[in-house]
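Reader: I should like to go through this model by question and answer, with the reasoning set out at each step. Please begin when the structure is on view.

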Amino acid sequence: MIGKLLFDHGLEPSPANFELCHRYLSGRDGELNALIDKAIAKDGGLSEAIATAISAKLDPGLSTDELSRIASDAQGYLEQMTTILARSGDDARDYGEALAHEAEGLESNASPTLSVKTLVDLTKSMIEKAQAAEEDLRRTEMQMTAMRKDLATAQHKANSDPLTGLPNRRALDQHLRAAFENARRADTPLALAICDIDHFKQFNDTHGHVIGDEVIKFVGSSLGRAASNGDVFVARYGGEEFVMVFERASVANAMATLDKIRAAIAARELKVTNTGQSLGKLSFSGGLAQINIQDSPGSILKRADAALYKAKQAGRNRISAAD
C-alpha cells in the first residue's frame, strides 16, 4: 500500500508523494520506477528532496515556453498601452498650448476669422488623434483579453487531469490547503475521502488499458457529479485513486454521499458501448477522515489512506471511517 511505502522512506504524506508512490506501485511508468529504484539503490532510501525532484521532472505542469510566451505578450501589450497613453498626453498638451496661443491672438485684435478657422482645424485634428488613440487602445485591449484567455487555458491545463478532466493532485494540494485554512478560521467541519477502484489491475489485465481508462473516466465522472455542490471538491489522485474534500460537512453526511455513489456504481453491470460486451460489476472502496485539532493536510490524507486500507482488508466495496 501507498502508506507503507511512505512510512518506510519517511516521506511526508502530501498529495505529490501519494501520487508518486501510487505511480511507482502501479508499475505502469517505467521511467519513474527506474528513477526511484536508482535513488533507493544509491542512497538506501528515497528522501523528500529526491521525491520532489522526481515529481517535478515527470509532471512539469505549465511549461517554461508557455510561461515565457505569456509573460512576453503581457509585457509587449503593456508597453503598447504606455506608448499610446503617452502619445495621447503629448497630443493633449500640444492642443492646449495651441488653444492658448490662438486665444492670445484673439485678445490682441488679430484677425478673428483666421483665429476661428485655426481653432476649428486644431479641434478636428485633436478629434482625429483621439479617435486613433481610442482605436489603438481597443485593439490592444482585445489582444490582452486573448492573452488572459490563453493564460486561463494554460492554468486550467496545468491543474486538470487529462484523462478525466477532473482537478489533478496539484489542484488538490492548493484546494486542500485553502479548505484547511477556511475550516480553522470559521471553525467548521471538513472531511476527506480517498477512493480506490477495487481489483483495478486485474480488470486492466483482463480487458486492456483502453477499457481500463474508460472505467477510470466512468468512476471519475460519477464522483465528480457530487462536486456540483460547491462544498465538495473531487480530484483524480493518480491511477485509479480519487480524493474528495467535503467542506462544512460532518463525517456522517460525507459518508452518506460517498456510500450512495458507491452503491450506485456497484449495482451497475458495465458493458462496452460499441459491442455490448459485458465487463461485469465494478466497485470501489473508500477511506474517510474528518479534520481534528492536530491535523494538517498531510495527516488527514494519511488517516484517510489508513481507513481505505481498512476497507480493502474488510472485503472491499465499502467505505470505512478513520478512528
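Author: The questions below concern a predicted model, and they go from the whole chain to helix packing, enclosed and open spaces, and single residues.

Reader: How many helices and strands are there in the protein chain?

Author: The chain has 323 residues, of which 38% count as buried. Among contacts between residues at least 6 apart in sequence, 65% join residues at least 24 apart. As for the elements themselves, the count is 11 helices and 7 strands.

Reader: Is helix α8 parallel, perpendicular or oblique to helix α9?

Author: Helix α8 covers residues 200–207 and helix α9 residues 209–224, and their axes lie 7 Å apart. The angle at which they pack is about 135 degrees. An angle over 145 degrees would count as roughly antiparallel and one of 65 to 115 as roughly perpendicular. The value for this pair falls in neither range, and therefore α8 is, relative to α9, oblique.

Reader: Into which classes do the residues of the contact of α8 with α9 divide?

Author: From α8, the contact draws on F200, F203, N204 and H207. From α9, it draws on H209, I211, G212, V215 and I216. Glycine is counted with the polar residues. The division is 5 nonpolar, 4 polar and no charged.

Reader: Which elements give two or more residues to the lining of the largest cavity?

Author: The structure holds 1 cavity of 30 Å³ or more, and the space in the largest cavity is about 30 Å³. Its lining consists of L5, H9, C21, Y24, I36, I40 and L46. Two or more of these residues come from each of α1 (2–9), α2 (15–26) and α3 (30–43).

Reader: How many residues of the lining of the largest cavity are charged?

Author: The lining residues are L5, H9, C21, Y24, I36, I40 and L46. Tyrosine and cysteine are counted as nonpolar here. The lining thus has 6 nonpolar residues and 1 polar residue, and the number of charged residues is none.

Reader: Which element gives the most to the lining of the second largest pocket?

Author: This pocket has a volume of about 240 Å³. Its lining includes I211, E214, V215 and F218, as well as R268, E269, L270 and K271. At least two lining residues are supplied by each of α9 and β4 (269–271). With 4 residues, the element that gives the most is α9.

Reader: How many charged residues does the lining of the second largest pocket have?

Author: Among the residues of this lining are E214, R268, E269 and K271. Asp, Glu, Lys and Arg are the residues counted as charged. Beside 6 nonpolar residues and 1 polar residue, the lining has charged residues to the number of 4.

Reader: Is H199 buried, partly exposed or exposed?

Author: H199 belongs to the loop between β1 (190–197) and α8. Although H199 is not a glycine, its phi is positive, at about 50 degrees. Because its relative accessible area is 46%, and the partly exposed class lies between 20% and 50%, H199 is partly exposed.

Reader: Where is R316, a residue with positive phi, placed?

Author: The phi of R316 is near 70 degrees, in a residue other than glycine. R316 counts as partly exposed, at 30% relative accessibility. Its place is in the loop between α11 (297–313) and β7 (319–321).

Reader: Is K312 buried or exposed?

Author: K312 lies in helix α11. Leaving out residues up to four places away in sequence, K312 touches D196, I197, D198 and S285. Its relative accessibility is 11%, and since the class limit is under 20%, K312 counts as buried.

Reader: How far apart in space are I319 and M255?

Author: I319 lies in strand β7 and is buried, with a relative accessible area of 12%. Beyond its neighbours within four places in sequence, its contacts include M255, L258, D259 and R262. I319 and M255 are 64 residues apart in sequence, yet their C-alpha separation is 7.4 Å.

Reader: What is the relative accessibility of G286?

Author: G286 is found in strand β6 (residues 284–290). Residues it touches, apart from those up to four places away in sequence, include I194, C195, A307, L308 and I319. Its C-alpha atom is separated by 9.1 Å from that of K310, 24 residues away along the chain. G286 counts as buried because its relative accessibility is 0%.

Methods:
Residues numbered from 1 in each chain as written. Predicted model: local features only at pLDDT ≥ 70, side-chain atom pairs only at ≥ 80, totals over all residues. Heavy atoms only, no water. 1 Å grid on protein atoms, 1.4 Å probe; cavity = no way out; pocket = protein on both sides within 12 Å on 5 of 7 lines; lining within 4 Å. Points joined across faces, edges and corners; volume = space filled by probe spheres on them. Axes fitted to C-alpha atoms, helices over the stretch in contact; angles between N-to-C directions. Parallel < 35°, antiparallel > 145°, perpendicular 65-115°, else oblique. Contact = heavy atoms within 4.5 Å. Buried < 20%, exposed > 50% of the residue type's maximum accessible area, 1.4 Å probe, protein only.
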